[in-house]
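Let's take a walk through the empty spaces of this protein and see what sits in them. Have the viewer open while you read.

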Amino acid sequence: MFQIQNYINGKLVDPVGHTCIDNYNPAIGEVYSRTPDSDERDIEAAVEAATGAFPDWSTKPAQERARYLLRISDLIEDNLDRLAQAESADNGKPVSLARSVDIPRAASNFRFFATAIQHFASEAHAMEDTAINYTLRHPIGVVGCISPWNLPLYLFTWKIAPALAAGNCVVGKPSEITPMTAYLLSELCIEAGLPDGVLNIVHGLGQKTGSAISTHPGIPVISFTGGTRTGATIAATAAPLFKKLSLELGGKNPNIVFADCRYEEMLQTSLLSSFSNQGEICLCGSRIFIERSLYETFRNDFVEQSKQLTVGDPLSDTNRLGAVVSKPHMDKILSYIELAREEGGTILCGGRQVQVEGRCRDGWFVAPTVIEGLSHTCRTNQEEIFGPVVTLIPFDTEEEVVAYANSTPYGLAASLWTENLTRAHRMAGRLQSGIIWINCWMLRDLRTPFGGMKQSGVGREGGFEALRFFTEPKNVCIKM
Ligand code: NDP
């Protein structure tokens, strides 16, 4: 069986303890590889390597660091098919999605930050003819990057690329549920000639390997994407150690539909924002609010089209949904559907596991599920499900829908469909979300600030925000 290895100090190595974790292919429900079950000894070796590499890497000219990152980006593109197949096998997502979204975006992350660092500038503040201040921005040192399983390579590289571009060295940990593409990335970094120790990838469990990163005194910066509860644990650990923290956490995003929207475009995009990647995207709109005059039309069309979305073997290009990531995650999704029933909801379609024939008969698949008849305050509408499950709620006034949208502890992303520009601007100001999409969803410009408010996170990724996060500002004041 294929054995994934850690990437430490430029070499692929087994974990010190020689123990491993089973890695499942969720579409077939079987173990297909083994992942290192690393512990604090492996993290110690990675920190030592990163610390040793830092003086040289951090003082290289930005253009030189950028050349390595561009080489990695090219290699990701050269290996598009192989990486897409690996992502699909590990996560259950359709290989067509991995080929068109996940892997191209991982390549873009490296390319974007390789060029961004060459345009990054810091500030100067003149005090008339008394003094001048200028701000230096230095790389910080060894950075810990911890990422989740839903968009494995996409989100891992979204952290690593700006951290490296800014001149830091990295100890990264992908989710142990989807380690394969991070492993393949380490092979590509070796091929790209990235200097030893600049990037280290250590595989293992969150509570052991992840926790060894967040508690390590030699890692002063943590960039984390994952669940809100894990984020709270990491924040509690990191705060007394005075670590710099970026937290990208969960969401319960509203998708708000006014009757004056461009209907067909809204309908097709809402199918995507509900069920893409089996609903396992932190930006998916899981609560759909529809203006009452449009409610019945929307419900009938949306349910009809949701029923037509094919669920099955992720290797087939005709399937729109693949498997969900694991058996425990499928059970969690199904338990929320059960909860929706108990809370008085009506399941309009889906609401069950899908039994697929052939190769995938033991896989973990869930049908696109649409629920109506629930209050915006019930648990189904307050807690993150992170699966192909959406609820429909009618509304009458703008005031009312803003209150519904803002009623959860989360504040990551919101979508709004209307042709009324004044209303769109007004609502964009009032919705408590870090990201507002008007008449679109998942339209991303990598220069924009990305992240959530309330329990969806602390800090912003993307563009110069990321480069500012991964550098330490130092003000220099010179008296004239
Ligand atoms: P988790 O919080 O369970 O895990 C995220 C990462 O943290 C994994 O690598 C995990 O390792 C690790 N981890 C777990 N416990 C600890 C710990 N005590 N110390 C350090 N690291 C730890 O999230 P999921 O992987 O389940 O991802 C789904 C969640 O991520 C959803 O809530 C989703 O909304 C959120 N998310 C947020 C995004 C955003 O940009 N805001 C984007 C994508 C997802 P392991 O897997 O081995 O346990």
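## The ligand and the spaces around it

Three elements each put at least two residues into the shell around the ligand: helix 7 (206–215), strand 11 (221–225) and helix 8 (228–238). Helix 7 gives the most, with 3 residues. Keep in mind that this is a predicted model.

In total, 30 residues surround the ligand, and the closest are E176, T230, L249, C282 and E384. By class, that shell splits into 13 nonpolar, 13 polar and 4 charged residues.

What about polar contacts with the backbone? Here are three of them, side by side.

| Residue | Backbone atom | Ligand atom | Distance |
|---|---|---|---|
| S147 | N or O | oxygen | 2.8 Å |
| G204 | N or O | oxygen | 3.4 Å |
| L249 | polar atom | nitrogen | 2.7 Å |

On its own the ligand has 900 Å² of accessible area, and the protein covers 88% of it. L249 shows up twice in this picture, as one of the closest residues of the shell and as the partner of a ligand nitrogen through a polar backbone atom.

So where does the ligand sit? It's in the largest pocket. That pocket has a volume of about 1400 Å³. Its lining runs to 46 residues, with F224, G226, G227, T228 and T230 nearest the centre. Helix 7, strand 11, helix 8 and helix 11 (327–342) are the elements that give two or more residues to this lining. Sorted by class, the lining holds 18 nonpolar, 20 polar and 8 charged residues. T230 is worth a click here: it is among the residues nearest the pocket centre and also among those closest to the ligand.

Next comes the second largest pocket, with about 360 Å³ of space. Which residues lie nearest its centre? Out of 20 lining residues, those are L97, V101, L272, S276 and N277. Helix 4 (95–116) and helix 9 (263–275) each supply at least two residues of the lining, and helix 4 has the largest share, with 4 residues. The class split for this pocket is 12 nonpolar, 5 polar and 3 charged.

Now for the closed spaces. How many cavities of 30 Å³ or more are there? The count comes to 5. The largest cavity has a volume of about 120 Å³. It is lined by 17 residues, and G279, I281, C284, S286 and F386 are the closest to its centre. Helix 9, strand 14 (285–291) and strand 17 (389–395) each bring at least two residues to that lining. Helix 9 therefore turns up again, since by the run numbering it also supplies at least two residues to the second largest pocket. In the largest cavity the lining divides into 7 nonpolar, 8 polar and 2 charged residues.

The second largest cavity comes in at about 60 Å³. Its lining is made of R105, L151, Y154, L155, W158, C282, L283, R444 and F450. Helix 5 (residues 152–165) has the largest share here, giving 3 residues. No polar residues line this cavity; the lining has 7 nonpolar and 2 charged ones. One residue links this cavity back to the ligand: C282 is part of the cavity lining and is also listed among the closest residues around the ligand.

Notes:
Residues numbered from 1 in each chain as written. Predicted model: local features only at pLDDT ≥ 70, side-chain atom pairs only at ≥ 80, totals over all residues. Heavy atoms only, no water. Near = heavy atom within 4 Å. Polar contact = N/O pair within 3.5 Å; in protein donor to acceptor, adjacent residues only side chain to side chain. Areas by Shrake-Rupley, 256 points an atom, 1.4 Å probe, with all protein chains shown as cover. 1 Å grid on protein atoms, 1.4 Å probe; cavity = no way out; pocket = protein on both sides within 12 Å on 5 of 7 lines; lining within 4 Å. Sits in = over half its atoms within 2 Å of the grid points. Nonpolar A, V, L, I, M, F, W, Y, C, P; charged D, E, K, R; others polar. Points joined across faces, edges and corners; volume = space filled by probe spheres on them.
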